[in-house]
Amino acid sequence: MEGKIYVAGHRGLVGSHILECLQEQGYTNIITMTRNELDLRNQSAVLDFFMEEKPQYIFLAAAHVGGIQANNTYPAEFIMNNLQIQCNVIDAAYKSGVKKLLFLGSSCIYPKMCPQPMAEEYLLTGELEPTNEAYAIAKIAGLKMCEFYNRQYGANFISVMPTNLYGPNDNFDLESSHVLPALLRKIHEAKLNNSPTVEVWGSGEPLREFLYVKDMAEACICIMENYDAANFLNIGTGVEVSIRQLAEIIKNVVGYSGELVFDVSKPDGTPRKLLDVSKLHDLGWYHKVDLIEGIEKTYKWYLEILI
Ligand code: GFB
């Protein structure tokens with residue numbers, strides 16, 4: 001409980017909840033750095049920080065992230081920023097003698113036409129989804145880097161691959177956000193403006209799995225405490241919904257009765273992305289918050305920050 005923990009990305013969606021959960025669970029020796037204090041893309045600054053602070057446990061939740069449109073429009077930034085952050089932190093962790101590091105990946109690492117649900121073994125068995133290829137390649141490099149540092153140097157670096165996450169502290173910017181916060185905001189604003197319709201990107205047919213971020217944070221801490229194998233782990237619920245069903249659920253939570261209008265000029269992305277979470281369940285970890293409850297909590301938070 002006294003070991004020095006560094007949460008990288010503590011202002012992001014996952015990092016902020018990891019920090020909060022660690023504090024709730026009684027961890028006291030936690031360090032964080034804002035982007036202005038430490039630019040994780042700067043290799044020498046990162047190494048200096050690790051050598052000086054000598055943290056023992058690292059949650060690597062810092063990343064350049066975004067929804068389908070941001071990924072598709074800015075692939076150079078997604079690959080460069082993520083590779084730099086990961087390489088710098090993972091290598092500095094090794095050089096400074098970190099005991100254990102948890103690297104956060106993404107379910108978009110799996111092939112576009114992957115058999116469903118997607119088991120860990122299906123990595124690198126097919127072509128990636130083009131809209132997020134840059135991000136996926138960076139995340140695959142990160143998980144492989146952890147694997148190779150374990151193999152060659154005997155490090156204890158673990159990777160987890162979460163499904164689509166959502167919750168308080170998410171990004172609600174309509175151009176760069178993921179689908180859930182985008183639809184929550186659009187439907188809320190349509191209700192306020194008495195607008196008869198809401199625009200939903202794509203066909204509404206793609207299937208996605210959503211995990212409430214607090215569950216994700218608890219899973220990360222549980223894995224950091226209890227799991228030492230070199231193989232990476234999927235983190236999800238094992239439950240999927242179509243984008244159309246998601247929009248209907250959000251309409252119910254918000255209390256909006258207008259129509260959904262599907263803009264098929266926008267990309268659908270991968271048709272289906274359901275994780276096989278049997279290995280996680282074998283460890284005894286199950287999600288607690290289901291989709292409706294999670295959306296209700298997120299909407300409550302969203303209304304509070306608007307005040
Ligand atoms: O959440 P999302 O942006 O990302 O989009 P991905 C999921 C689906 O929702 C797509 C549709 O089929 C979108 O077309 N969608 C409908 C919308 N309306 C909207 C909207 O208003 N905004 C957004 N953003 N989508 C991302 C990857 O893939 O998922 C990342 O690009 C990462 O690399 C992340 O892996 C978890 O699930 O398609």
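Here a colleague asks a modeller how the descriptions of this predicted model are reached.

Colleague: Let's start with the whole chain. What makes its radius of gyration agree with a compact globule?

Modeller: With 307 residues, a compact globule would have a radius of gyration near 19 Å, and the chain has 19 Å, so the two agree. For a feeling of the extent, the C-alpha trace spans about 60 × 45 × 40 Å along its principal axes.

Colleague: And which helices and strands should I look for, or at least how many?

Modeller: You will find 10 helices and 13 strands in the chain.

Colleague: How many of the residues count as buried, and what does that word need?

Modeller: Of the 307 residues, 54% count as buried. A residue gets that label when its relative accessible area is under 20%. As for the surface, the chain exposes about 13800 Å², and carbon and sulfur atoms supply 50% of it.

Colleague: How do you know that contacts join residues far apart in sequence?

Modeller: Take the contacts between residues at least 6 apart in sequence: 81% of them join residues at least 24 apart.

Colleague: What about the charges?

Modeller: There are 26 positive and 38 negative charges, and their mean positions are 2 Å apart.

Colleague: Now the open sheet. Why are β2 and β10 said to stand at its edges?

Modeller: The sheet has 6 strands in the order β2-β1-β3-β4-β5-β10, with parallel pairing. β2 (30–31) and β10 (233–235) each have a single partner strand, so one side of each has no neighbour in the sheet.

Colleague: What makes β1 and β2 a pair?

Modeller: Two strands count as a pair with at least two bridges between them. β1, residues 5–8, and β2 have 2 bridges and pair in the parallel sense, so the requirement is met. To see where they face each other, find Y6, which stands opposite I31 in β2.

Colleague: How do you know that β4 and β5 pair too?

Modeller: By the same reasoning: 4 bridges join them, and they run parallel. At least two are needed, so they qualify. Look for L102, which stands opposite I158 in β5.

Colleague: Why is β5 called mostly covered?

Modeller: In β5, residues 157–162, 6 of the 6 residues are buried. F157, S159 and M161 point one way, while I158, V160 and P162 point the other way, and all are buried.

Colleague: How does β7 look in that respect?

Modeller: β7, residues 197–201, has a covered face with V198 and V200, and an uncovered one with T197, E199 and W201. This strand is joined to β12 (residues 259–263) by 5 bridges, and the two run parallel. V200, from the covered face, stands opposite F262 in β12.

Colleague: Why is L280 called buried?

Modeller: The relative accessible area of L280 is 1%. The cut-off is under 20%, so L280 is buried. You can find L280 in helix α9, residues 278–282. Leaving aside neighbours within four places in sequence, L280 is in contact with I223, L233, N234, I235, G236 and W285.

Colleague: And what makes T298 buried?

Modeller: T298 has a relative accessible area of 1%, and that is under 20%, so the label holds. This residue lies in helix α10, residues 291–306. Not counting residues up to four places away in sequence, T298 touches Y166, G167, P168, F172, L184 and Y212.

Colleague: Why is N194 called exposed, but N169 partly exposed?

Modeller: Exposed means over 50%, and N194 has a relative accessible area of 68%, so N194 is exposed. N169 has 34% relative accessibility, which lies between 20% and 50%, so N169 counts as partly exposed.

Colleague: Where are these two asparagines, and what is notable in their phi?

Modeller: N169 is in the loop between β6 (164–166) and α6 (179–192), and N194 is in the loop between α6 and β7. N169 has a positive phi of about 75° although it is not a glycine. For N194, also a residue other than glycine, phi is positive and near 50°.

Colleague: One last thing: where is the cis peptide bond?

Modeller: The cis peptide bond joins Q116 and P117, with omega about -10°. To find P117, go to the loop between β4 (100–104) and α5 (133–153).

Conventions:
Residues are numbered from 1 along each chain as its sequence is written. This is a predicted model: local features need pLDDT of at least 70, side-chain atom pairs count only at pLDDT 80 or more; totals for chains, interfaces and linings use all residues. Side-chain values use heavy atoms; hydrogens and water are left out. The radius of gyration is taken over C-alpha atoms; the globule rule is 2.2 Å times the number of residues to the power 0.38. Buried means under 20% relative accessible area, exposed over 50%, partly exposed in between (1.4 Å probe, protein chains only). Contact means heavy atoms within 4.5 Å. Accessible areas come from the Shrake-Rupley method with a 1.4 Å probe; for residues, only the protein chains shown count as cover. Lys and Arg count as positive and Asp and Glu as negative; His and the chain ends are not counted. The place of a charge is taken as NZ of Lys, CZ of Arg, CG of Asp or CD of Glu.
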